[in-house]
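Okay, thanks for coming, everyone. I'd like to walk through a few helices and how they pack, and then a handful of single residues. Let me put the structure up.

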Amino acid sequence: MINRVLIRIKVVQLLYSYLLTQSEFKIEPPVENPSRDKKYGYALYLDLLMMVLEMSGYDISGGRRESPLRGIALNKHIDHNLLARSLNGIDEIRSVILKGRSGLSQFDSVIPSIYDAIPSLPAYKSYIRLKKVELKDDVALWSSIITNLVAKNPEFMSAARKNPDFTLAGFTRGVNSLLYTLNDYNDNRTLFNHARHALDYSLDKAYELYHSLFQLAVEITRAQDLRLDAAKHKYLPTDEDLHPNMRFVENKFIKALTENEDFTNYVDDKRLSWDADDMLVKGLLEKITQSDLYKEYMEAPGEPSYEDDCELWRMIYKNIILPGDDLAEVLESKSVYWNDDLHIIGTFLLKTIRKFAQSKTHGEDINLLPQYKDDEDRNFGPELFESAIKHYDEYKALIDSFVNQHRWDADRLAFMDIVIMITAITELLSYPAIPIAVTLNEYIEIANAYSTPKSGAFINGILYSVINHLKAEGKLLKN
């Protein structure tokens, strides 16, 4: 029932949310009206952040300065390490790099000796013995590097003193600020686990919405039954009150639904109810009973067939319940996921009613749609989400290369566009059975619905360039 269209939307939404919050490190903001000590301390703090990135293999000058490490043997253990990758993804750090505000060149003479001395640290010797390096291990190593090879290094201090704004208190403040930033990090495992749980939960809630919408029809029918019964017992009832037309209340589709084992078991297990939303139920009942659709059904000659009863509710959902603002407002208050799900789940609801109408046994042989068609669909969302995170840096660099070719400013792209393209590339490379055209169409539709008005056309162009590149390199073999 939950198809890949909805799963893709959920993955993009949760990936967007996760990537916005997943930065482990918080960069200190500049101080307003700083003293000399604070001003120099903050400048050194930024320089030290840049130095960590440069010794980790990142270009921190945008090509404006040759790295002092050029020609020195690469230390594979710290090259593009987890800590540096996280720092490099922070907007404040990228801004420093792009604007060329770093004063790191004053330390060019001493950086090579610091880099060469890293393997002598006990912390490094413990680090390279680890079977699997985690962020906390990078933090411990770089804290040791800064403490032992930078803060206590006479040559580094001598280079720092050449800055006319240097103060000893500012130097200490800058070093301590960096150590605080490194050690006060958020463990992304917690954020990742929360995002994965949210993905599963949102898909479970979509399936719950499917049943809740059916339950809404049951409760609307029950409300009408109670209304007719109340009219019989009012003071001076009319003949119509005493002998009401029960066609709507005795609708055969509703009867089949309430006797459907799949439906009743799910409703009972999840305790689904619209009791807290009686105003919605009453409001929808009023709109239904005032509609021409209802009046034509109630006034039609003869006994309605089972197919007629199914068709009535299909049309009620299609024309009254699903398009209305009343339901959308209530769904928004009940679950943060449901408003976005309503259109897709509504189509499955209508298909299910049509399936009931085709039954030769008045619905006895009909099962409601399962949550997933098969295990492959069940695993599609989690696998797509995890793979997109794993390859984020790789695919982001690929996107940036083609954005630059098209003379777009990569740093001004809508972040949602980036997330959509990352997810699309992940699907292109990870699912050989899904045709390229299907993937392209699905993510362009997502862009049109969830990003800027021009995003669909832009994403289409970039993804076509990426696809041609991947085919030329032999990494994408499908058509």
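Start with helix α7, residues 135-150: at 1.5 Å a residue its 16 residues should span 22 Å, and the end C-alpha atoms are 21 Å apart, so that agrees. The expected span here is 1.5 Å times one less than the number of residues. Helices are DSSP runs of H or I, at least four residues, and strands are runs of E, at least two, numbered from the N terminus.

Before I go on, the housekeeping. This is a predicted model, so local features need pLDDT of at least 70 and side-chain atom pairs count only at pLDDT 80 or more, while totals for chains, interfaces and linings use all residues. Residues are numbered from 1 along each chain as its sequence is written, and side-chain values use heavy atoms, with hydrogens and water left out.

Back to α7. How many of its 16 residues are buried? The count is 12, so to speak a mostly covered helix. Buried means under 20% relative accessible area, exposed means over 50%, and partly exposed is in between, with a 1.4 Å probe and protein chains only. Among the buried ones are D137, D138, W142, S143 and S144. And what covers them? The cover includes α2 (36-55), α3 (82-88), α5 (111-117), α6 (122-127), α8 (154-161) and α9 (168-183).

Let's take α2 out of that list. For its 20 residues, 1.5 Å each should give a span of 28 Å, and the end C-alpha atoms are 28 Å apart, which agrees. Like α7, α2 is mostly covered, with 15 of 20 residues buried. After α2 comes G57, with a positive phi near 100 degrees.

Now the packing. Two packed helices are described by the angle between their axes and the distance between the axes. The axes are lines fitted to C-alpha atoms, for helices over the stretch in contact, and angles run from 0 to 180 degrees between N-to-C directions. α2 and α7 pack at about 110 degrees with their axes 12 Å apart. That makes α2 roughly perpendicular to α7; the bins are under 35 degrees for roughly parallel, over 145 for roughly antiparallel, 65 to 115 for roughly perpendicular, and oblique for the rest. On the α2 side we have L48, M51, V52 and M55, meeting W142, I145, I146 and V150 of α7, where contact means heavy atoms within 4.5 Å. By class, that contact has 8 nonpolar, no polar and no charged residues. For the classes, Ala, Val, Leu, Ile, Met, Phe, Trp, Tyr, Cys and Pro count as nonpolar, Asp, Glu, Lys and Arg as charged, and the others, Gly among them, as polar.

Next, α2 against α9. Their axes come within 7 Å and cross at roughly 45 degrees. That makes α2 oblique to α9. The residues of α2 that meet α9 include G41, L44, Y45 and L48, and those of α9 include G170, G174 and L178. This contact has 10 nonpolar, 5 polar and 3 charged residues.

On to helix α16, residues 306-321. Its 16 residues should span 22 Å at 1.5 Å each, and the end C-alpha atoms are 21 Å apart, which agrees. The buried residues of α16 include D309, R314 and W313. Helix α14, residues 278-289, packs on α16 at about 110 degrees, with axes 11 Å apart. The two are therefore roughly perpendicular. L284, K287 and I288 of α14 make the contact with W313, I316, I320 and I321 of α16. That divides into 6 nonpolar, no polar and 1 charged.

Now the single residues. D241 sits in helix α11, residues 239-242. Is D241 buried or exposed? Buried, at 14% relative accessible area. D241 touches L228, A231, K232 and K234, leaving out residues up to four places away in sequence.

S212 is in helix α10, residues 188-232, and S212 is buried at 4%. With the same sequence cut-off of four places, S212 touches L272, W274 and W338.

Last, the backbone oddities. Most residues other than glycine have a negative phi. L236, though, has a positive phi near 60 degrees; L236 lies in the loop between α10 and α11 and is exposed, at 63%. H362 has a positive phi too, near 55 degrees. H362 is in the loop between α18 (338-357) and α19 (375-390), and at 44% H362 is partly exposed.
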